[in-house]
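Hi there,

As promised, I am handing over the structure we talked about. Please have a look at it first, and then read on for what turned up.

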Amino acid sequence: MSRPVADDAMGPMVAGAAYGMLFLLGIVLGVVGGFQHSWYVGGVPVAALAWLVVLFAVPYGMGRLMGGKAGALVPALGWFASSFLLAAKQRAGDLVIAGDTSGFWYLYGGVVVLAVAVIVTRSSGSWLLRSYGRA
């Protein structure tokens, strides 16, 4: 029995929608992290360090769920776009991510952990494009 043509056309659309949502997830991580990374306990930027854990876990988990490095790379690109825009000086002279200890840990540490998350993610084929129970 052959598969319907509609099933063949839906795979790329579902994958594209999933990757679009992953990019938006990365943007949300960057915006929320940009505003919440500067909490200190004593002299330690604990929020920035906690964000490094989150910035590793989310892309790594998404890469594992999507079955490839692209699943980890897409939210990382969303984070890069939003975080570095928030770190750039605006016309009024304001910026969200300041050049202090927590800002450096959040930005530079974030780049490192995102790169590590993409590198260590295994590629095994996307779970979205697999068909279960079909001959």
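**Aromatic rings along the helices**

Let me start with F80, which is partly exposed because its relative accessible area is 27%, between the 20% limit for buried and the 50% limit for exposed. Please keep in mind that this is a predicted model.

F80 shares helix α3 with F84, four residues apart, or about one turn of the helix. Their rings form a stacked aromatic pair, with 6.1 Å from centre to centre and 25 degrees between the planes. F84 has 36% relative accessibility, so it counts as partly exposed too.

Helix α2 has a pair of its own. F56 and Y60 both lie in that helix, four residues apart, which is about one turn. This pair is stacked as well, at 5.4 Å centre to centre and with 15 degrees between the planes. Both rings belong to partly exposed residues: F56 has a relative accessible area of 27%, and Y60 comes to 24%.

Searching the whole structure gives seven aromatic pairs. There is also an aromatic cluster, formed by W51, W79, F80, F84 and Y106.

**Helix α2 and its buried side**

Does the length of α2 fit what one expects of a helix, and what are the numbers? The helix covers residues 46-66, and at 1.5 Å a residue its 21 residues should span 30 Å; the end C-alpha atoms are 30 Å apart, so the two agree.

Its buried residues are A47, A48, W51, L52, L55, V58, P59, G63 and M66. They cover an arc of only 155 degrees around the axis, and therefore sit on the same side of α2. Just after the helix comes G67, with a positive phi of about 80 degrees.

**How α2 meets α3**

The two helices pack at an angle of about 145 degrees, and their axes are 6 Å apart. On the α2 side, the contact is made by L55, P59, M62, G63 and M66; on the α3 side, G71, A72, P75 and W79 take part. By class, that contact has seven nonpolar residues, two polar ones and no charged ones. Several names come back here: L55, P59, G63 and M66 are among the buried residues of α2, and W79 is one of the members of the aromatic cluster.

**A76, a residue to click on**

A76 lies in helix α3, which runs over residues 69-87. Is A76 buried or exposed? With a relative accessibility of 1%, A76 counts as buried, because the cut-off for that class is under 20%. A76 and G30 are 46 residues apart in sequence, while their C-alpha atoms are 9.2 Å apart in space.

**The protein as a whole**

Stepping back, the secondary structure comes to four helices and zero strands, and along the sequence the pattern reads α-α-α-α. The protein has 135 residues, of which 33% count as buried. Among contacts with a separation of 6 or more, 77% come from residues 24 or more positions apart.

Happy viewing, and all the best!

Note on methods
Residues numbered from 1 in each chain as written. Predicted model: local features only at pLDDT ≥ 70, side-chain atom pairs only at ≥ 80, totals over all residues. Heavy atoms only, no water. Buried < 20%, exposed > 50% of the residue type's maximum accessible area, 1.4 Å probe, protein only. Expected span 1.5 Å × (residues − 1). Arc of directions from axis to C-beta. Axes fitted to C-alpha atoms, helices over the stretch in contact; angles between N-to-C directions. Contact = heavy atoms within 4.5 Å. Nonpolar A, V, L, I, M, F, W, Y, C, P; charged D, E, K, R; others polar. Phe/Tyr/Trp six-rings, centres within 6.5 Å; stacked < 30°, edge-to-face > 60°.
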